[in-house]
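Trainee: I'd like a close look at one loop residue and what surrounds it. Could you walk me through that part, then set it in the rest of the fold?

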Amino acid sequence: LKGKEDTLLSGSRDGTVKLWGLNESNEARLIHSHHEHLSFVNSVLLQDSMPSYPAGYAVSGGADNNLRVFDVGSFEMAGCLLKHSKNVCALAGNNQYFISGSWDSTAVVWDSRTLRPVWNLMGHDNAVWAVLILDEDRFITGMHTWLVLDQTVCRFSRQNNKNLASK
């Protein structure tokens, strides 16, 4: 569930992505609904307006290994981004980039304007469950679960495109 001011975006285990509007009393009303994913929707992200998307756009990641992009104004599907080979379970973004994390042990940094991959961030031995953009040059990826897996947090720099620190 992600939100911006008076709008919320939700994803569901039935493969549905829903855009909600909030009134002054914070009551939600359904604006749009899509069922484009073939399986669970695990992560959602609302991005601010861009020249190509004046109302902004929504990104959803799912167990079908895909990222779906929707125009918030029309809720028409604007694209399907294919870069991960397993479940996409984490999303974060800003006006310049958004980042996706996956069970394939990678994170991908995407250009927010062109929707094209910019960098593949590698440094985990298992699923990347958390992603964060610190600024235009630094990214954090990590995983946390009750299962041990790799318990690694990686810090990446755009300048040298490599893992700067791990634990």
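Mentor: Let's start with a term: strands here are DSSP runs of E with at least two residues, numbered from the N terminus. With that in hand, look at Asn66, which sits in the loop between strand S6 (57–62) and strand S7 (67–71). Keep in mind that this is a predicted model.

Is Asn66 buried or exposed? Its relative accessibility is 12%, and the cut-off for buried is under 20%, so Asn66 counts as buried. Now for what touches it. Setting aside neighbours within four places in sequence, Asn66 is in contact with His37, Ser60, Gly61, Cys80, Leu81, Leu82 and Val88. Two of those names are worth a second glance as you rotate the view: Ser60 and Gly61 belong to strand S6, which spans 57–62. Val88 is also on the list, and strand S9 covers 88–93.

Stay in that stretch of sequence for a moment. Asp64 and Arg68 join their side chains in a salt bridge, at 3.4 Å from N to O. Both Asp64 and Arg68 are buried. A search of the whole structure turns up two salt bridges, and the other pair is Asp135 with Arg138, at 2.9 Å from N to O. Here the setting is partly exposed: Asp135 has a relative accessible area of 23%, and Arg138 comes in at 33%.

Back to S9, since Val88 led us there. Strand S9 belongs to an open sheet of four strands, ordered S9-S10-S11-S12, with antiparallel pairing. S9 (88–93) and S12 (117–122) are the edge strands; each has a single partner, so one side of each has no neighbour in the sheet. On average, neighbouring strands in this sheet are turned by 20 degrees against each other, ignoring direction. Inside the sheet, S10 (residues 97–102) and S11 (residues 106–111) run antiparallel and are joined by five bridges. If you want one to click on, Ser100 has Val108 as its bridge partner in S11.

Now zoom out. The protein has 16 strands and zero helices. Of its 167 residues, 46% are buried, and Asn66 is one of the buried ones. Among contacts between residues at least 6 apart in sequence, 36% join residues at least 24 apart. As for the surface, the protein exposes about 8,800 Å², with carbon and sulfur atoms supplying 48% of that.

Notes:
Residues are numbered from 1 along each chain as its sequence is written. This is a predicted model: local features need pLDDT of at least 70, side-chain atom pairs count only at pLDDT 80 or more; totals for chains, interfaces and linings use all residues. Side-chain values use heavy atoms; hydrogens and water are left out. A salt bridge is a side-chain nitrogen of Lys or Arg within 4 Å of a carboxyl oxygen of Asp or Glu. Buried means under 20% relative accessible area, exposed over 50%, partly exposed in between (1.4 Å probe, protein chains only). Two strands pair if DSSP finds at least two bridges between them. Axes are lines fitted to C-alpha atoms, for helices over the stretch in contact, and angles run from 0 to 180 degrees between N-to-C directions. Contact means heavy atoms within 4.5 Å. Accessible areas come from the Shrake-Rupley method with a 1.4 Å probe; for residues, only the protein chains shown count as cover.
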